[in-house]
Amino acid sequence: MTAKLMETFLKLYGEGGEVRTYFAPGRVNLIGEHTDYNGGHVFPCALTLGTYGLARKREDRTLRFYSVNFEKLGVVETSLDDLVPHKEASWTNYPKGVMWAFEKRGYRLEHGLDILIWGNIPNGSGLSSSASLEVLTGVILKDIFGFDQVSMVDIALIGQDAENNFNGCNCGIMDQFASAMGKKDHAIFLDTNTLNYEYAPVVLEDAKIVITNSKVKHSLVDSAYNDRRNESETALRELQTEVEIQTLGDLTEEEFEMHKNAIKDPIRQKRAKHAVYENQRTIRAVEALKNNDVELFGKLMNASHQSLRDDYEVSCEEIDILVDLAQAMPGVLGSRITGGGFGGCTVSIVKNDTVDRFVEEIGKAYQEKVGHEAEFYVVEIGDGAGRLS
Ligand code: GLA
């Protein structure tokens with residue numbers, strides 16, 4: 001694959017110089033949804049799907065970008081002196097945002113770059129294609145400009161900064177962290193309040209992780225996401241009038257029940273309830289996995305979905321259809337929406353001997369009910385971003 005990309009790179013940009021190859025993965029979150037901007041825990045893992053990038057230093061300050069996924073857009077040319085978002089710059093606003101965030105931190109980018117990318121994360125699926133592109137850019141800049149003091153955690157934070165302040169989505173740290181810090185066959189138990197993390201082996205002896213792509217993405221995803229974030233922040237401020245906490249992640253379920261009436265609006269109360277309960281569920285789920293209790297892990301995934309559907313209200317009809325079908329099937333240990341919501345993917349734990357049936361029967365039923373196909377991926381957990389050659 002990368003040989004083919006190299007051929008395209010040289011054809012497009014010309015021979016000569018040293019062309020380096022990089023990869024940054026997408027992610028799937030197993031549990032801990034909409035907790036990362038609420039000071040709670042998340043439990044994502046890096047996928048083997050992701051974004052590949054080839055890059056070469058230039059002598060001038062020109063930036064040239066080309067994506068094999070967006071051939072029609074052709075080569076997008078800009079300059080290091082124009083690191084501002086432009087609508088027509090399309091996907092290149094992501095790498096540009098990361099360059100902007102490096103410069104903002106005082107890392108001078110002395111030369112322009114020729115960059116070619118190709119990704120195999122289905123677009124708009126909620127498996128973090130944009131975070132992988134941000135982390136990929138971070139890894140390219142660190143390597144090519146020799147920014148040795150920039151750690152992989154810094155790259156995740158820089159990617160988030162670019163997403164928040166250059167591209168206008170107020171996301172948390174989970175996606176960039178998973179892409180930068182992933183580890184083969186492990187999920188990352190991350191405390192988003194402190195950024196302390198621990199790798200937990202995901203060795204499911206007789207089951208697989210299956211992602212189902214609903215292939216729907218409802219509009220207003222970013223604005224609905226930002227709304228949820230605002231509601232949670234307002235709820236936190238209301239709670240802080242009664243109890244000394246820094247984030248919703250500081251509360252146990254009991255403490256929340258004791259103080260919840262400080263939140264005046266019933267909808268905001270539901271949002272905060274989700275953030276508190278989901279965080280505690282995530283802590284319990286990781287404990288269950290450590291004890292090899294995959295059944296309990298699955299039950300907590302189901303409870304997570306219910307809370308995201310009813311209290312946080314980030315699911316949608318198509319996703320609920322997939323989850324209901326999955327949860328009703330014997331041999332499925334747990335199933336829930338994953339990622340930001342309003343479409344995208346579900347993640348399920350499926351017994352090995354049920355995987356074929358899962359794909360076939362749920363695929364058929366979904367097609368009948370919704371009118372288009374779903375896609376299924378049996379997940380392999382891969383490593384975080386880095387240079388390939
Ligand atoms: C999106 C955001 C993440 C996180 C999830 C929900 O993927 O980018 O930061 O908030 O939604 O858990």
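Two rings of Phe, Tyr or Trp count as a pair when their centres lie within 6.5 Å. By that rule, this structure holds 16 aromatic pairs. Keep in mind as you click around that this is a predicted model.

**Stop one: Phe43 and Phe189**

Select phenylalanine 43 and phenylalanine 189 and show their side chains. The two rings meet edge-to-face, with 6.3 Å from centre to centre and 80° between the planes. Now colour by secondary structure. Phenylalanine 43 is in the loop between β2 (41–42) and β3 (44–57), while phenylalanine 189 belongs to strand β7 (residues 186–191), so this pair ties together parts that are 146 residues apart in sequence. Buried or exposed, what is phenylalanine 43? Turn on a surface and look: phenylalanine 43 is buried, at 0% relative accessibility. Its partner, phenylalanine 189, has 15% and counts as buried too.

**Stop two: a cluster of rings**

Next, pick phenylalanine 145 and phenylalanine 147. This pair is stacked, its ring centres 5.8 Å apart and its planes at 20°. Phenylalanine 145 has a relative accessible area of 16%, and since the cut-off for buried is under 20%, it makes the list. Phenylalanine 147 is buried as well, with 9%. Leave both selected and add Phe102 and Tyr107: ring pairs link these four residues, Phe102, Tyr107, Phe145 and Phe147, into a cluster.

**Stop three: a charge over a ring**

Jump to lysine 273 and tyrosine 277. Here the charged end of the lysine 273 side chain sits over the ring of tyrosine 277, at 5.2 Å from the ring centre.

**Stop four: Arg27 and Asp175**

Time for charged pairs. Side chains of opposite charge can pair when their charged atoms come close. How many salt bridges does a search of the whole structure find? The count is 30. Start with arginine 27 and aspartate 175, whose side chains form a salt bridge at 2.8 Å, N to O. Arginine 27 is in strand β1 (residues 20–29) and aspartate 175 in helix α5 (residues 174–181), so the bridge ties together parts that are 148 residues apart in sequence. With the surface back on, you'll find arginine 27 buried, at 3% relative accessibility. Aspartate 175 is buried too, with a relative accessible area of 18%.

**Stop five: Glu313 and its two partners**

Centre the view on glutamate 313, then bring up lysine 270. Their side chains meet in a salt bridge of 3.5 Å, N to O. The pair links distant parts of the chain, 43 residues apart: glutamate 313 is in the loop between α9 (294–310) and α10 (317–327), and lysine 270 is in helix α8 (residues 266–290). Glutamate 313 is partly exposed, at 33% relative accessibility, and lysine 270 is partly exposed, with 29%.

Stay on glutamate 313 and add arginine 271. Another salt bridge shows up here, at 3.0 Å, N to O. This one also connects the loop between α9 and α10 to helix α8, with glutamate 313 and arginine 271 being 42 residues apart. Check the surface around arginine 271: at 5% relative accessibility, this residue counts as buried.

**Last stop: a salt-bridge network**

Finish by selecting Arg56, Arg58, Asp60, Arg64 and Asp114 together. Salt bridges with shared partners join these five residues into one network.

Conventions. Residues are numbered from 1 along each chain as its sequence is written. This is a predicted model: local features need pLDDT of at least 70, side-chain atom pairs count only at pLDDT 80 or more; totals for chains, interfaces and linings use all residues. Side-chain values use heavy atoms; hydrogens and water are left out. Rings of Phe, Tyr and Trp (its six-membered ring) pair if their centres lie within 6.5 Å; planes under 30 degrees apart count as stacked, over 60 as edge-to-face and the rest as tilted. Helices (H or I, at least four residues) and strands (E, at least two) are DSSP runs, numbered from the N terminus. Buried means under 20% relative accessible area, exposed over 50%, partly exposed in between (1.4 Å probe, protein chains only). A charge sits over a ring if NZ of Lys or CZ of Arg is within 6 Å of the ring centre and within 35 degrees of the ring normal. A salt bridge is a side-chain nitrogen of Lys or Arg within 4 Å of a carboxyl oxygen of Asp or Glu.
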